Amino acid sequence: MEAEQDANKGSEPPELELSDEDILDALAHVPGYIDISTEDFRTVYHLAWRHALQRLREERKALDKDDTA
């Protein structure tokens with residue numbers, strides 16, 4: 001993952017790093033119980049962040065294409 005991040009430096013916004021405290025606080029605000037480790041939460045967060053970044057890039061490309069048409 002580090003090599004991928006180094007290769008993309010400058011081409012994408014930095015991903016916010018979440019501390020264990022950040023994660024545990026967020027989980028405390030969710031009703032009910034979620035059985036997930038902080039490390040698994042970070043993995044899900046990272047994957048969701050990458051997906052959102054790709055989605056936003058595709059939306060921007062579509063908007064740019066519409067503007068030039």
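Glu59 has a relative accessible area of 40%, which means partly exposed (buried is under 20%, exposed over 50%, partly exposed in between, using a 1.4 Å probe and protein chains only). Keep that residue in mind for Exercise 3.

A quick word on the ground rules. This is a predicted model, where local features need pLDDT of at least 70 and side-chain atom pairs count only at pLDDT 80 or more, while totals for chains, interfaces and linings use all residues. Residues are numbered from 1 along each chain as its sequence is written, and side-chain values use heavy atoms, leaving out hydrogens and water.

**Exercise 1. The overall layout**

Work out how many helices and strands there are in the protein, and check the span of helix 3.

Step 1. Count the elements: the protein has 3 helices and 0 strands (helices are DSSP runs of H or I with at least four residues, strands are runs of E with at least two, numbered from the N terminus). Reading along the sequence gives α-α-α.

Step 2. Now get your ruler out for helix 3, which covers residues 38-68. The expected span is 1.5 Å times one less than the number of residues. For the 31 residues of helix 3 that comes to 45 Å, and the end C-alpha atoms are 45 Å apart, so the two agree.

Step 3. Look for what's tucked away. Of the protein's 69 residues, 10% count as buried. In helix 3, the buried residues are Thr38, His46, Trp49 and Leu53.

**Exercise 2. Where helix 2 meets helix 3**

Find the angle at which helix 2 and helix 3 pack, then see which residues Phe41 is in contact with.

Step 1. Two packed helices are described by the angle between their axes and the distance between the axes. Helix 2 (residues 20-28) packs on helix 3 at about 90 degrees, and the axes are 10 Å apart. Because of that angle, helix 2 is roughly perpendicular to helix 3. On the helix 2 side, Asp20, Ile23, Leu24 and Leu27 make the contact; on the helix 3 side, Thr38, Phe41 and Arg42 do. Sorted by class, that gives 4 nonpolar, 1 polar and 2 charged residues.

Step 2. Zoom in on Phe41 of helix 3. Ignoring neighbours within four places in sequence, Phe41 is in contact (heavy atoms within 4.5 Å) with Leu18, Ile23, Leu27 and Ile36. Phe41 and Leu18 are 23 residues apart along the chain, with their C-alpha atoms separated by 9.6 Å.

Step 3. Check its exposure: Phe41 has a relative accessible area of 22%, so it is partly exposed.

**Exercise 3. Tracking down the salt bridges**

How many salt bridges does a search of the whole structure find, and which residues do they join into one network?

Step 1. Side chains of opposite charge can pair when their charged atoms come close. The search finds 3 salt bridges (a side-chain nitrogen of Lys or Arg within 4 Å of a carboxyl oxygen of Asp or Glu).

Step 2. Start with Asp20 and Arg42, whose side chains meet at 2.4 Å, N to O. This pair ties together distant parts of the chain, with Asp20 in helix 2 and Arg42 in helix 3, 22 residues apart. Asp20 is partly exposed at 37% relative accessibility, as is Arg42 at 24%.

Step 3. Arg42 also meets Glu39, at 3.7 Å, N to O. Glu39 and Arg42 are 3 residues apart in helix 3, so about one helical turn separates them.

Step 4. Back to Glu59, which forms a salt bridge with Arg55 at 3.4 Å, N to O. Both lie in helix 3, 4 residues apart, about one turn of the helix.

Step 5. Put the pieces together: salt bridges with shared partners join Asp20, Glu39 and Arg42 into one network.

Technical notes
Axes are lines fitted to C-alpha atoms, for helices over the stretch in contact, and angles run from 0 to 180 degrees between N-to-C directions. Angles under 35 degrees count as roughly parallel, over 145 as roughly antiparallel, 65 to 115 as roughly perpendicular and the rest as oblique. Ala, Val, Leu, Ile, Met, Phe, Trp, Tyr, Cys and Pro count as nonpolar, Asp, Glu, Lys and Arg as charged, and the others, Gly among them, as polar.
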